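Reader: I would like a close look at how the helices pack in this protein. Please start from the overall fold and work down to single residues.

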Amino acid sequence: MVFDFCYFFKEKGSALKIQKNIFTEKWALLVILAVVVLAHVTLFQNQFILEDGFVLHHWKLIQKLTNLPRFFVNYIPPDSQPGIYAPLRTLFLAVSRRVFADLSLGYHVTALMIHLLGVFTVYRLAILLTDKKSIAVITALLFGLHPVHVAALSGIIAGIETLGFVFMLLSFYFYVRAKELSGEVFSGDRGKSLLFFALSVLTVEWALILPVVIIFYDTLFRVPKRSFKQVLPSWLMFVVITGLYYASKWLVLGQWAPGTYVFDRFDLSLFIGLKALIKYLWLLIFPLSLAYNHVLSPGISSFNIKDFDKQTVLSQSILEPQVILSLLVVLSLCVAAWRQYRRRPVITFALGWVMILLLPALQIVPSGMFFNERFLYGAAFGFCLLAGFVVDGVWSCDKRILKTITPLALLAAVLFYGGRTFYRHKDYAGPVVFFEKAVRANPQSAYLAGDLGIVYTRAGAFEKALQSYEKAIALKPEDQHFHFSKELTCSMMKRYDDSIASLKKAIELQPDFPEAYYNLAGLYRFLQRGEEANGNLIMALKLYVNQGRLLEANAALLQMEQYRNVQEQVLKHVLDEIPGLKKVIPKSFE
């Protein structure tokens with residue numbers, strides 16, 4: 001369905017006239033895709049980061065393709081992503097793991113191919129909406145080069161998740177391309193639209209917002225003589241798919257939302273969401289300060305509520321200046337979109353697309369993730385379409401100075417986007433570089449400092465690791481995990497007294513911490529302090545059993561097999577002292 005959009009200025013012709021014998025659509029696309037590949041070429045050198053390696057190697061669900069039925073009906077998300085139901089993403093991960101194993105290059109090539117498909121879809125969608133290839137060229141070029149997409153491509157899981165956003169774009173493309181809005185929702189392009197919507201929501205939950213976009217689109221560009229009764233069946237089919245997804249998720253996971261409200265309060269989550277929304281809009285326009293974990297306001301970051309300053313979160317209100325500013329910006333964009341409704345509906349549509357695609361950030365459905373750059377992948381289409389429309393309109397006017405300045409400004413934007421993307425990928429080169437950049441961007445995060453300490457330890461930079469742990473402890477002195485992680489670094493440096501002190505501090509902060517007791521037992525055993533080792537091992541086993549963690553208790557007992565004297569001294573005592581331990585006794589102990 002093609003609509004005639006008005007321009008800012010009196011139109012004298014397309015800004016980028018594509019001559020049939022010089023610059024065909026095919027060559028335009030090839031040039032765009034080549035430039036995008038060049039900007040993202042530094043992606044290929046990156047290693048596994050964040051949870052990528054752990055999920056690929058330790059998430060049992062994707063280790064065998066024979067688990068395929070469980071991707072849908074007995075789905076168990078990885079520990080780092082509780083509440084996420086993404087069967088198709090799991091399938092793509094399992095297949096990718098089978099094909100590429102530990103070859104990170106293969107995953108990165110796949111991610112870039114997904115992005116190129118997204119760029120192509122954006123190009124075709126922009127032509128469909130505006131009937132101008134010049135706008136489509138600018139839109140696709142800016143979309144392909146936008147630096148915020150680096151976060152969506154550099155991670156293995158994020159790269160596959162991006163496919164869900166591409167499916168969402170394809171669903172909307174086929175919906176718009178459908179020539180007739182009828183009750184036959186399973187015919188032609190409308191059927192393809194429904195299919196791609198189903199694929200998108202099974203890949204990334206953010207795509208569930210698409211039905212709102214479709215209702216907005218039909219309302220804005222309602223063709224005369226077509227009543228809402230004719231489009232209602234199509235809307236209902238999208239709503240049905242959404243309902244089926246939530247029903248399936250509830251049956252499989254026992255929950256409908258990925259997370260919970262901050263301190264069980266909707267208003268606090270909404271205030272954080274408003275701050276995140278403004279941050280999203282800012283990065284779409286000025287993608288300068290890109291980071292893994294953004295500071296949304298002092299004491300509040302992108303994720304991990306434990307990392308927040310509790311008093312700051314609780315003191316939020318609708319009268320807070322940052323909240324008021326966020327509401328004013330949202331209201332201003334809504335007014336601007338409304339004012340352009342008659343004269344320039346493409347502006348209304350583009351602004352509406354951006355705002356609707358960012359609605360999940362408001363935490364109406366709590367996600368536990370307040371901000372992540374990769375979630376801008378869908379919203380970026382609306383921003384780039386708006387930019388393409390404005391640039392083409394200004395370039396098409398009669399004023400000579402604008403005809404000179406506009407292409408230079410566009411070239412500057414392309415060079416900036418491309419260069420920023422090229423160098424942003426280098427921030428993902430490896431765990432050390434990644435977390436060093438993350439800590440510099442968010443120095444108030446104790447957990448980022450702790451993660452950097454772990455990464456330094458794995459890299460053998462023990463002194464830097466200790467410094468990172470000390471910083472984390474200074475920020476969150478009540479958190480036992482930093483002391484627990486610090487023990488390994490001290491042990492690697494053969495500073496065993498400090499190791500023991502770190503574990504004892506962790507136990508002091510959390511007395512029911514079986515891992516701390518277990519590691520302390522191992523450390524005492526290494527130092528040949530048998531009685532202290534046995535006492536801590538008994539405490540670890542007791543806590544594991546009391547907490548219902550029988551698998552961990554079993555693993556602890558299996559570790560005892562290498563110390564036969566420990567087996568004889570400890571087992572007789574613990575069998576009577578710890579009810580339920582007999583359930584997990586390994587056969588070798590019988």
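Author: What follows goes from the whole chain to the core, then to three helix pairs and a few single residues. The model is a predicted one.

Start with the whole. The protein has 25 helices and two strands. Of its 590 residues, 52% are buried. Take the contacts between residues at least 6 apart in sequence: 71% of them join residues at least 24 apart.

Next, the core. The largest nonpolar core holds 125 residues. Within this core, the residues that touch the most other members are Phe 143, Phe 172, Tyr 280, Phe 349, Trp 353, Phe 381 and Leu 385. Helix 7, residues 156-177, gives the largest share, with 15 residues. In soluble globular proteins, nonpolar side chains tend to be buried together.

Phe 349 shows how such a residue is surrounded. Leave out residues up to four places away in sequence. Phe 349 then touches Leu 129, Phe 172, Phe 216, Tyr 217, Leu 220, Phe 221, Phe 381 and Leu 385. Phe 172, Phe 381 and Leu 385 are also listed among the core residues with the most contacts to other members.

Now the helix pairs. Two packed helices are described by the angle between their axes and the distance between the axes.

Take helix 11 (residues 266-285) and helix 13 (residues 321-339). Their axes come within 9 Å and cross at roughly 55°. Helix 11 and helix 13 are therefore oblique to each other. Their crossing is left-handed. On the helix 11 side, the contact uses Phe 271, Leu 274, Lys 275, Leu 277, Ile 278 and Leu 281. Helix 13 answers with Gln 322, Val 323, Ser 326, Leu 327, Val 329, Val 330 and Leu 333. By class, 10 of these contact residues are nonpolar, two polar and one charged.

Move on to helix 17 (residues 431-441) and helix 18 (residues 446-459). They pack at an angle of about 155°, with axes 9 Å apart. That angle makes helix 17 roughly antiparallel to helix 18. Helix 17 passes helix 18 in a left-handed crossing. Helix 17 brings Pro 431, Val 432, Phe 435, Glu 436, Ala 438 and Val 439 to the contact. From helix 18 come Leu 448, Ala 449, Asp 451, Leu 452, Val 455, Tyr 456 and Ala 459. This contact has 11 nonpolar residues, two charged and no polar ones.

The third pair is helix 20 (residues 480-492) and helix 21 (residues 496-509). Here the axes come within 8 Å and cross at roughly 165°. Helix 20 is therefore roughly antiparallel to helix 21. The crossing is left-handed. Helix 20 contributes Gln 480, His 483, Phe 484, Lys 486, Glu 487, Cys 490 and Ser 491. Helix 21 supplies Tyr 496, Asp 498, Ser 499, Ser 502, Leu 503, Lys 505, Ala 506 and Leu 509. These residues divide into six nonpolar, five polar and four charged.

Single residues come next. Glu 463 lies in helix 19, residues 462-475. Its relative accessible area is 47%, so Glu 463 is partly exposed. Beyond neighbours within four places in sequence, Glu 463 is in contact with Met 493 and Arg 495. Glu 463 and Thr 489 are 26 residues apart along the chain, and their C-alpha atoms are separated by 8.6 Å.

Val 201 belongs to helix 8, residues 188-201. At 2% relative accessibility, Val 201 counts as buried. Apart from neighbours within four places in sequence, Val 201 is in contact with Ala 207, Leu 208, Ile 241 and Tyr 245. Tyr 245 is 44 residues from Val 201 in sequence, yet the C-alpha atoms are 7.5 Å apart.

Last, the backbone in two loops. Most residues other than glycine have a negative phi. Asn 304 is not a glycine, but has a positive phi of about 65°. Asn 304 is in the loop between strand 2 (300-301) and helix 12 (310-314). With a relative accessible area of 26%, Asn 304 is partly exposed. Gln 363 also has a positive phi of about 65° and is not a glycine. The loop between helix 14 (345-357) and helix 15 (376-395) holds Gln 363. Gln 363 is buried, with a relative accessible area of 1%.

Notes
Residues numbered from 1 in each chain as written. Predicted model: local features only at pLDDT ≥ 70, side-chain atom pairs only at ≥ 80, totals over all residues. Heavy atoms only, no water. Axes fitted to C-alpha atoms, helices over the stretch in contact; angles between N-to-C directions. Helix = DSSP H or I, 4+ residues; strand = E, 2+ residues; numbered from the N terminus. Parallel < 35°, antiparallel > 145°, perpendicular 65-115°, else oblique. Left-handed = near helix turned anticlockwise from the far one by under 90°. Contact = heavy atoms within 4.5 Å. Nonpolar A, V, L, I, M, F, W, Y, C, P; charged D, E, K, R; others polar. Core = buried A, V, L, I, M, F, W, Y, C linked by side-chain atoms within 4.5 Å. Buried < 20%, exposed > 50% of the residue type's maximum accessible area, 1.4 Å probe, protein only.
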